[in-house]
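I set out to record what could be looked up in this structure, entry by entry. I begin with the aromatic rings and then turn to the helices and single residues.

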Amino acid sequence: MTNVYSFDGLLVFGLLFICTCAYLKKVPRLNKWLLSEKKGVWGVFYKAAVIGTRLHVPVALSCLVTGVYVLFIK
């Protein structure tokens with residue numbers, strides 16, 4: 001089990017948040033509703049979606065490395 005307050009948990013949470021926002025950007029209704037604001041608190045979702053779509057290869061590789069680390073090393 002990973003703790004959210006540890007660095008491992010924070011990294012896993014951040015990667016899952018970026019991947020989820022990038023996936024939600026592909027859904028048209030949710031894209032208009034959730035990712036329409038580019039500033040403020042709701043802008044965090046937009047920015048995470050942009051990071052997930054533009055840097056999809058490094059994000060996917062870091063998800064794989066983090067998954068291997070959490071499952072086998074920790």
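**Entry 1. Aromatic pairs**

I searched for ring pairs and found four aromatic pairs in the structure. The model I searched is a predicted one.

I looked first at Phe17 and Phe45, whose rings form a tilted pair with 5.4 Å from centre to centre and 50° between the planes. This pair links distant parts of the chain, since Phe17 sits in helix 1 (residues 7-25) and Phe45 in helix 3 (residues 43-54), 28 residues apart. I then looked up how accessible each partner is. Phe17 has a relative accessible area of 24%, so I noted Phe17 as partly exposed. Phe45 stands at 22% and is likewise recorded as partly exposed. The cut-off matters here, because buried requires a value under 20%.

The next pair I noted is that of Trp33 and Trp42. Their ring centres are 6.3 Å apart and their planes stand at 55°, so I entered the pair as tilted. The reasoning is that planes under 30 degrees apart would count as stacked and planes over 60 as edge-to-face. Trp33 has 61% relative accessibility and is therefore exposed. Trp42, with a relative accessible area of 44%, is partly exposed.

I asked which residues the ring pairs link into a cluster. The cluster consists of Phe13, Phe17, Trp33, Trp42 and Phe45.

**Entry 2. Helix 1 against helix 3**

I followed the Phe17 and Phe45 pair to the two helices that carry these rings. The axes of helix 1 and helix 3 come within 7 Å and cross at roughly 90°. Helix 1 is therefore roughly perpendicular to helix 3. From helix 1, I listed Phe17, Ile18, Cys21, Ala22 and Lys25 as making the contact. From helix 3, the contributors are Val44, Phe45, Ala48, Ala49, Val50, Ile51, Gly52 and Thr53. I sorted the residues of this contact by character and obtained ten nonpolar, two polar and one charged.

**Entry 3. The chain as a whole**

I then took stock of the secondary structure, which comes to four helices and zero strands. Read from the N terminus, the order of elements is α-α-α-α. The C-alpha atoms fill a box of roughly 40 × 25 × 15 Å along the principal axes. Of the 74 residues in the chain, 22% are buried. I also checked the contacts between residues at least 6 apart in sequence, and 60% of these join residues at least 24 apart.

**Entry 4. Annotated spans**

I consulted the UniProt record, an unreviewed entry, where the annotation "transmembrane region" covers residues 6-24 and 44-72. I compared each span with the model. Residues 6-24 are 95% helix and 0% strand, and their end C-alpha atoms lie 27 Å apart. For residues 44-72, the share is 97% helix and 0% strand, with 32 Å between the end C-alpha atoms.

**Entry 5. Asp8**

I asked whether Asp8 is buried or exposed. Asp8, in helix 1, has a relative accessible area of 18% and is therefore buried. Setting aside residues up to four places away in sequence, I found that Asp8 touches Tyr69 and Lys74.

**Entry 6. Helix 1 and helix 4**

I turned to Thr66, which is found in helix 4. Its relative accessible area is 10%, so Thr66 is buried. Leaving aside neighbours within four places in sequence, I recorded contacts of Thr66 with Leu11, Val12 and Leu15.

Leu11, one of these partners, is found in helix 1. With a relative accessible area of 38%, Leu11 is partly exposed. I also looked up the separation of Leu11 from Val57: the two are 46 residues apart along the chain, and their C-alpha atoms are 17 Å apart.

Gly67 lies in helix 4 (residues 56-73). At 28% relative accessibility, I entered Gly67 as partly exposed. How far is Gly67 from Val12 in sequence and in space? I found the two 55 residues apart in sequence and 8.4 Å apart in space, taken from C-alpha to C-alpha.

Conventions:
Residues are numbered from 1 along each chain as its sequence is written. This is a predicted model: local features need pLDDT of at least 70, side-chain atom pairs count only at pLDDT 80 or more; totals for chains, interfaces and linings use all residues. Side-chain values use heavy atoms; hydrogens and water are left out. Rings of Phe, Tyr and Trp (its six-membered ring) pair if their centres lie within 6.5 Å; planes under 30 degrees apart count as stacked, over 60 as edge-to-face and the rest as tilted. Buried means under 20% relative accessible area, exposed over 50%, partly exposed in between (1.4 Å probe, protein chains only). UniProt positions are given in the numbering used here, feature names are shortened, and annotations may be inferred rather than shown by experiment. Contact means heavy atoms within 4.5 Å. Axes are lines fitted to C-alpha atoms, for helices over the stretch in contact, and angles run from 0 to 180 degrees between N-to-C directions. Angles under 35 degrees count as roughly parallel, over 145 as roughly antiparallel, 65 to 115 as roughly perpendicular and the rest as oblique. Ala, Val, Leu, Ile, Met, Phe, Trp, Tyr, Cys and Pro count as nonpolar, Asp, Glu, Lys and Arg as charged, and the others, Gly among them, as polar.
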